[in-house]
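Hello,

Here is the structure I promised to pass on to you. Have a look at it first, and then read on for my notes.

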Amino acid sequence: MIDVATTWQQACTALAGGDYDVAFGVLEGAMHEARKPEQARIALYLASVHALYGDTAEIGAALREARTLNSGLREDPLYLALSAELDARTRGPDAAPPPPAVREAADPLTRYHAVAALALAEQPQAALDVHLPVAELPEHLRWRLRSWQADCEEQLGHLQEAAHLYAEAAHHAGGLNRAIMLQEGAALLLQLGQPQEAKAALDQARPLYTGHDPEEGLNLATWHYLQAQALLNLGKPEEALSSIREADRLERAHGDPSYGVALVWGQVMTHLGQHEEALQHFERALTLATDADRPYALHELGVALLDLDRPVEARERLEAVLADPDYPYAPEVLADLAECDYRLGRLQEAQTAAEQALAQGAVVPASLVLGSVALDYYHLDEALDHYERVVREAAPHSRDWITGHQMAADVMAQQGFRDPAAAYAHAQQALEYTPESDDWYGTLQDYLNKAQTLMGEKSGRMLN
C-alpha cells in the first residue's frame with residue numbers, strides 16, 4: 001500500500017539532491033501501485049514537479065489526470081494554486097489570480113505555487129504579501145521561493161532588495177542553480193552601479209561550473225557577459241574584451257548570438273578607443289534587438305557615430321530614440337543631440353538642447369556641451385563653471401571627469417592663471433590619467449609648470 005506523504009517526502013529528498021529523474025521515478029512508480037484517491041494526490045505532486053521546469057503541457061496533463069481520478073480535487077487548494085500557476089504561465093498578466101483562500105492555505109506547497117502564480121501574472125506585491133517562511137518549504141523550493149520574491153521586488157523597482165533576495169536564494173541553492181542565482185544578483189548590482197560587489201558575486205559563481213552539465217554552456221556565456229560589464233565598470237577594458245569574446249564564443253557554440261553581448265562588446269571597444277569596431281558591434285546589436293531593446297541600441301549607435309565625428313548620421317539615430325516616450329535616458333539623448341548641433345555649428349540650438357538636458361538631470365554630458373558653447377563665445381567664466389560642474393558630478397577617473405579637468409585647466413590658462421593653485425590641481429589630475437601619446441599631455445605639462453612657477457612667485461619662493 002502506498003503512503004502518499006512518504007512518497008512525496010522521498011521525491012523531495014531526490015529533488016533536494018538535484019536527482020530529478022529519481023524524483024519522477026518515485027512519483028510515477030507510486031502512481032502505478034496506488035489506489036485511485038492516492039493516485040489523484042500523487043498526480044498533483046507530479047504537476048508541482050513539472051512546474052519547476054515551466055512545462056505547461058505536462059502540468060496541464062497532470063492536473064487533468066488528477067481531476068479525472070478525483071473530481072472533488074477541483075476545489076482542493078493545491079489544485080487551485082497549480083491551476084492558477086498554469087494559467088499565469090500561459091496568459092501572463094491576463095490570468096486569473098489564485099483566490100485568497102489559496103494564498104492563506106495551511107499547506108506551504110500550496111502557498112508556494114500561489115506566489116509563483118502571482119509573480120508570473122505580474123502581481124508582485126500580492127506575491128510578496130503571501131506569508132510563507134522559507135523553513136516551512138521542502139529544501140528544493142527554498143531557493144526558488146527567494147528567486148520568485150526577488151523577481152517581484154525587481155518588478156516593483158526595488159533593485160537592492162531584489163539583489164539581497166538573490167543572494168539568499170544562492171545560499172539555499174547548490175551547483176548550477178547557485179551559480180545562476182549569484183549571476184542574477186550580480187546583474188542587479190551592475191544596474192545599481194556596484195561593480196565591485198557584482199564581481200565578488202561572479203567570483204563565487206565561477207567555480208560552480210564543472211564542465212559536466214550540458215546546461216552550463218549558455219549560463220557560462222552569461223557569466224562572461226556579466227564579468228565583462230563588471231570589469232569595464234572597474235576600468236579594465238582589456239580584461240573585459242577577453243570576457244566578452246568568450247561570451248560570444250559560448251553563445252555561438254550553445255545557442256544564438258544575443259543583443260546584449262553585441263552591445264557590451266561595442267561598449268568595450270568604445271572604451272578602448274576603437275570606434276569603428278565599436279560601431280560594427282552596435283550595428284549588430286541593433287539587428288538582434290527586440291522592440292524593447294531597440295532604443296538602447298540606437299542610442300549607443302548614435303554616440304558611436306558622434307565619436308567618429310559623424311553628427312548628421314548620429315542625429316538621425318538619436319532622434320529615433322527620442323521618439324520613444326518610454327526610453328528612460330531621454331535627458332542623455334537630448335545632451336547627445338546638443339553635441340550633434342554643436343558639431344554642426346548650430347550653437348544656439350546646441351545651447352537650448354543642452355540646457356533642457358541639464359534641467360532634466362543629464363548633468364555631465366549637458367555641461368560638457370554648454371562649456372564648449374561658452375568657450376566658442378569666449379565666455380570664459382561661464383565655461384569654467386560648466387567644466388567644474390563636470391569634475392564634481394562625473395565618476396572619478398572616467399573619460400568625462402578627465403575631460404572636465406583638462407578643459408578647466410585650459411580655461412584657467414586662457415584667463416591668465418588668475419588662480420594658479422586651482423589650475424595646477426586641474427592640470428595635475430588630468431595629467432595623471434592622460435597617456436603621453438595624447439596631444440593633451442604636453443599642453444597639460446606646460447600648464448602645470450606655468451602654474452607651479454606662479455605659485456612659487458606668489459609665495460616668495462620657488463616650489464620643489
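Gly18 counts as partly exposed, because its relative accessibility is 39% and partly exposed covers the range between under 20% and over 50%. You will find Gly18 in the loop between α1 (4-16) and α2 (20-33). If you would like a sense of scale, pick Val321 as a second point: Gly18 and Val321 are 303 residues apart in sequence, and their C-alpha atoms are 45 Å apart in space. Please keep in mind as you browse that this is a predicted model.

Next, two buried residues.

Asp336 belongs to helix α19, which covers residues 330-343. Is Asp336 buried or exposed? With a relative accessible area of 13%, Asp336 is buried, because the cut-off for buried is under 20%. Leaving out residues up to four places away in sequence, Asp336 touches His299, Val303, Leu306 and Leu318. With one of these, His299, there is a polar contact between the two side chains, at 2.7 Å. Leu306 is another residue to pick out here: 30 residues separate Leu306 from Asp336 in sequence, while the C-alpha to C-alpha distance is 8.3 Å.

His224 sits in helix α13. His224 is also counted as buried, at 11% relative accessibility. Which residues does His224 contact, leaving aside neighbours within four places in sequence? They are Ser243, Glu246, Ala247 and Leu250.

Now for the helix pairs, starting with the helix that holds His224.

Helix α13 (residues 216-233) packs with helix α15 (residues 259-271) at an angle of about 25 degrees, and their axes are 10 Å apart. The two are therefore roughly parallel to each other, since angles under 35 degrees are classed that way. Their crossing is left-handed. On the α13 side the contact is made by Tyr225, Ala228, Gln229 and Leu232, and on the α15 side by Gly260, Val261, Val264, Gln267, Val268 and His271. Sorted by type, these contact residues are six nonpolar, four polar and no charged.

Helices α16 (residues 275-288) and α17 (residues 294-307) have their axes 9 Å apart and pack at about 160 degrees. How are α16 and α17 oriented, roughly parallel or roughly antiparallel? They are roughly antiparallel, because the angle is over 145 degrees. This crossing is left-handed. From α16, the contact involves His275, Leu279, Phe282, Glu283, Ala285 and Leu286; from α17, it involves Arg294, Ala297, Leu298, Glu300, Leu301, Ala304, Leu305 and Asp307. By type, that gives nine nonpolar, one polar and four charged residues.

The last pair is α23 (residues 399-414) with α24 (residues 420-432), whose axes come within 8 Å and cross at roughly 145 degrees. Here α23 passes α24 in a left-handed crossing. The α23 residues in the contact are Trp401, Ile402, His405, Gln406, Ala408, Ala409 and Met412, while α24 contributes Ala422, Ala423, His426, Ala427, Gln429 and Ala430. How do the residues of this contact divide by type? Nine are nonpolar, four are polar and none is charged.

If you want a place to begin, try the side-chain contact of Asp336 with His299, and then turn to the α16 and α17 pair.

Best wishes

Key. Residues are numbered from 1 along each chain as its sequence is written. This is a predicted model: local features need pLDDT of at least 70, side-chain atom pairs count only at pLDDT 80 or more; totals for chains, interfaces and linings use all residues. Side-chain values use heavy atoms; hydrogens and water are left out. Axes are lines fitted to C-alpha atoms, for helices over the stretch in contact, and angles run from 0 to 180 degrees between N-to-C directions. Helices (H or I, at least four residues) and strands (E, at least two) are DSSP runs, numbered from the N terminus. Angles under 35 degrees count as roughly parallel, over 145 as roughly antiparallel, 65 to 115 as roughly perpendicular and the rest as oblique. A crossing is left-handed if the near helix is turned anticlockwise from the far one by less than a right angle, and right-handed if clockwise. Contact means heavy atoms within 4.5 Å. Ala, Val, Leu, Ile, Met, Phe, Trp, Tyr, Cys and Pro count as nonpolar, Asp, Glu, Lys and Arg as charged, and the others, Gly among them, as polar. Buried means under 20% relative accessible area, exposed over 50%, partly exposed in between (1.4 Å probe, protein chains only). A polar contact is a pair of N or O atoms within 3.5 Å; within protein, one must be able to donate a hydrogen and the other to accept it, and residues adjacent in sequence count only if both atoms are side-chain atoms.
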